[in-house]
Every structure is written in structure tokens, then in C-alpha cells.
Amino acid sequence: IHEGEGMRRIVGVLQFEQLNAMMMHHVVKECKERGLFPQTPCSSFKQQCKTIHQLKRLTRLIDTAVQNWHLTFRLLNAPARAPFESPEEKINRIQEFWSEGLWRPTDRRLLEGVEDISERRPRYDLRMDVKNIKGRWATAKPVGTLPHQQHEKLKMLTQGGRPEDLAGDGRFPPEEIKDTNVTELLRPVRRGRKLYFDQCLERHVIPNPLMFMTGHSHELKSNGQIFTDAEMLAALALLREEFPVHELDLAENALLTDKSMVPLLEKLSNASVCAKLRHLSLAGCRQVGRGGSWASINLILSAKTLRSLNLSHIQFTSQSLPSLCKAIGEHENIRDVSLCGTGLGKNGLSGLCLSALFVNKRLEKLDLSWNRFNHEQFAQMGVLIDATDIEELAVDYCAAYVFGRDSPVAELLEGLAKDKSLRKLSLVANRVDFRSALVIEDALDMHPTLKDINMTDNPLGALGMRSLLRLLSRKENALKHFQS
């Protein structure tokens, strides 16, 4: 543009468009005055209106059908949700939590070596239903309480809630079949809950009756609970060696800082506490600093059974990023990794980080969105992904702007020509134009496994859409769906 010839061409094009707009107005006006344009009869005008109305209606029908297809596709590919507890179970669980949390003097014996005989085996009572005036069998320990859950886990409950006396001695189950000290099994849980209430009282916070806090689950799921540092420090009392954590989900708890996260992650790094940890999510904890980032790396090294990791939008420093990628690359069981907005691509160590990350041959899902990668880093990623078995890759909002060059994501697309395992690819808002779409068409023409591409918020244009439609229509590849 700064050259003289280019500037003269642009000025000429603008002047031509301006002259054309001025002349067309006078040409149309003169043609109407001379009667060169025949008058449109009413019948033709009505027919044109009907045609426009039909086209508009057909467009709306097609748009509705496409939206229904997208909804059906999302429902078919949505992950299965865990079953929810019934309202009765939730009420009984919370009532037990608060009643035992206050710890009346008569209940303190449960924390000591005394056994509660009523918890040894399930007892059944015949209760009257007021509405139907019928008797029904029900357990003495309500559904949702810890004893009832333990009886169900030990398979001591009968079907239909009716007692069966197989031995004829008036007891169920027979003593020779089931003789388990349920109180002894529940004693560590009750001790932890007592310590949790004491910590809440000391830190002036209200106890939170989550299923992990009540002792009904080994999974601490507090996504979006907006925990404070005081509440999380009080919950540290529940992390004990005899009660290992299976899942830790603290996503979108933006108020947590290193004051609580560092002690939490350090205590969780205990080999006994994290022996069965499968899922770790700290996504959205934006106030986690340098101490929390190093503590999370130590936890990854300690949790040998970890399969899913989400550290999105936690800012790692240039010193901790290589260690993080190395810990993930050398992990033996991790399958799903999300590192959105962690600072990859901001320094000269990005190539080293990518090399250490893609060493892990067991990765199945990798999300590197909201990081900045240039042409060289995308090209390196395209070479490294060929040696892995990654099935889902997301690099949304990752294309760095380089003056005078096209989108760098094209370098990654060229490397996918040799890939044989990728099933889903997401390239949202990466400035993919018709030139990059042509690279996609050529690179993925014979891809055997790729079925879904997300191209939302990219300036494809008509030529880019034609490239993707041609790719979708060919039988040589496995592509079934793309979104733009």
C-alpha cells in the first residue's frame, strides 16, 4: 500500500466505484422518463411476492432442520451424566450431616471404640402409609445416611425392602453370612467430619454439606461453588490417609489463592491420599500464583493413577511451564489434558514445552486453546502429532498475527496429512480463510479417522465453504460433520 503504484490503483478503484454510482442513478432516471422500462402488471408483482415468500419460508425450514441436526448430534455425542440422588436421600444426608456435626454428648461414643449395635446389620420396620393406609417395610436407617449407604455397599439389603430370615433365628442377614462392624468402618469418616466442623467454627465459616463433606463420596466436586480461602482451609481436615480422594474439581472458584491452594495440593500430594486420584480440575482459578503452580506439578508427579487434567487459565511462569509439560509427557496413565490460556507460546521455550508434552503416547484428548503459536510452533506441532495417538485436538484462538503472512494454523493442517488417529479437530477463530481451507481440503482428503471439524468464527468465504463441502462429499475420507 505504501508503494506509489499500489496507492494509484486503490485511488483508481475508489474513483471508478464513485463514478459508477453517480452515473447509474442518472441512467435509471432517464430510462424511466423515456419509457424504456415496461410497467410490471399486478399479476407479475403478486407472483414475485409469492416466490419471495416461499423462498423465505423454505429458508426458515432449512435453518430449523439444520439446528435440529446440530442438537441431535450434540445429544448423541454428549457424555453420560452420573445419576443424581433423590430428594429423599438428599434430605436425609443433610439432616445426618448437621445432627452429627453438632455432636451431642450422647453421640460422641461413635468417635471412640464403642460399637453401635443398630448399625451392625440393617433393621426393618413396618410403617403405615397415611395416604393409602397400607403397611410398608422400611429400613430403620433412612436412605441417604452413611449406615444405609454402607449396608448397600456390603450388599446387606434385601430386594423390595422386606426382611428375610433364612436362618430362622430372627436376624437378617444371618450372622454367619454377614458380620461386619459398620460403626468401625464409618468411624474415620465421622472423625473427619468432626474436625471439619471444628475448623469451620474456628475460621468463622458455614459448613458446606457437599457429598464429600458429609462422607458419602470420595469425589470433591465444587465446580462454581465460589469457595473462599477460609472455607477451603477448613476442608483440609477431610483429607486423610484412610479416606483417599478420587476426584478434585475446583473449576471456576476464582476466589481461591495460594494461601489455601498450596496447603491443599501439598496435602493431596501424599501418596495415600492421592493413591486413587483420577480427575484433577483447577480450571478458572485465576488467582493461583507461582506457589500453586509448582504444587500442582508436584501433585501430577505423585498421582500415578491420574487420567484427566484441566489447568486452564492458570498462568504458569517460564520456569514452571517446561516442568509442567515434562511431568505430563512422562505420566503413564494420563489421557485427557487441557492447558487453555496457560501461557504456552509466549517465550522461546515453547518448542521445548511442545516436544516434552507430545512425548506422551497415551494422550487421547489435548486442548491448547487460548495460547499463542506462530508458524514455526504450529509446524512443530504438526510433526509431533504424527507420532501420537491423539483423538481430539483443540487449538481455538491460537493463531498469532504475523504482518504480511497468512494464518499460521495452515502449518499444522499440512502436518495432519500423515496423521492416522485424529477424530475431532477444533479451529475456532484462527483466521482460517479460503487459502487455509484449500490446505484443509488437500491435507485431509484421504484422512481415515477424522469425523468432526469445528470452524466457527473463521472468514472462510464462499471459496472456503466450497472447499469444505467438497471435502465433506468425498468418500475417500471419514468426515461426517463440520461447523462454521
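**Exercise 1. Determine over which residues pLDDT stays under 50, and how many contacts beyond four places in sequence the model has for them.**

*Solution.* Step one is to locate the stretch: pLDDT (the predictor's confidence in each residue, from 0 to 100) stays under 50 over residues 174-179. Step two is to count contacts (heavy atoms within 4.5 Å), of which the model has 11 beyond four places in sequence for this stretch. Step three is to set the stretch beside the whole protein, whose mean pLDDT is 83, with 84% of its residues reaching 70 or more. This is a predicted model, in which local features need pLDDT of at least 70 and side-chain atom pairs count only at pLDDT 80 or more, while totals for chains, interfaces and linings use all residues. Residues are numbered from 1 along each chain as its sequence is written, and side-chain values use heavy atoms, with hydrogens and water left out.

**Exercise 2. Establish which residues of helix 11 are buried, and what they pack against.**

*Solution.* Helices (H or I, at least four residues) and strands (E, at least two) are DSSP runs, numbered from the N terminus. Helix 11 covers residues 350-357, and its buried residues (under 20% relative accessible area, where exposed is over 50% and partly exposed lies in between, with a 1.4 Å probe and protein chains only) are S350, C353, L354, A356 and L357. Seen down the axis of helix 11, these residues fall within an arc of 165° (taken from the directions from the helix axis to the C-beta atoms), so they line one face of the helix. An α-helix has 3.6 residues a turn, so residues three or four places apart point the same way. The partners of the buried residues of helix 11 are helix 10 (320-329), strand 8 (365-367) and helix 12 (375-384).

**Exercise 3. Describe how helix 14 and helix 15 pack, starting from the angle and ending with the residues in contact.**

*Solution.* Helix 14 (residues 434-443) and helix 15 (residues 461-473) pack at an angle of about 10°, with their axes 8 Å apart; axes are lines fitted to C-alpha atoms, for helices over the stretch in contact, and angles run from 0 to 180 degrees between N-to-C directions. The two helices are therefore roughly parallel to each other, a class that takes angles under 35 degrees. Helix 14 brings F434, A437, L438, I440 and E441 to the contact, and helix 15 brings L463, G464, S467, L468, R470 and L471. By class, this contact has seven nonpolar, two polar and two charged residues. Turning to burial, S436, A437, V439, I440, E441 and A443 are the buried residues of helix 14, and their cover includes helix 13 (409-415), strand 11 (452-454) and helix 15.

**Exercise 4. Decide whether L264 is buried or exposed, and list its contacts outside its neighbours within four places in sequence.**

*Solution.* L264 lies in helix 8 (residues 258-268), and at 3% relative accessibility L264 counts as buried. Leaving aside neighbours within four places in sequence, L264 is in contact with M232, L236, L239, L248 and L250. L264 and A235, 29 residues apart in sequence, are 8.8 Å apart in space, C-alpha to C-alpha.

**Exercise 5. Find where H204 is placed, and what sign its phi has.**

*Solution.* H204 is in the loop between helix 5 (182-203) and helix 6 (211-214). Although H204 is not a glycine, its phi is positive, at about 60°. With 74% relative accessibility, H204 counts as exposed.

Definitions and conventions. Angles under 35 degrees count as roughly parallel, over 145 as roughly antiparallel, 65 to 115 as roughly perpendicular and the rest as oblique. Ala, Val, Leu, Ile, Met, Phe, Trp, Tyr, Cys and Pro count as nonpolar, Asp, Glu, Lys and Arg as charged, and the others, Gly among them, as polar.
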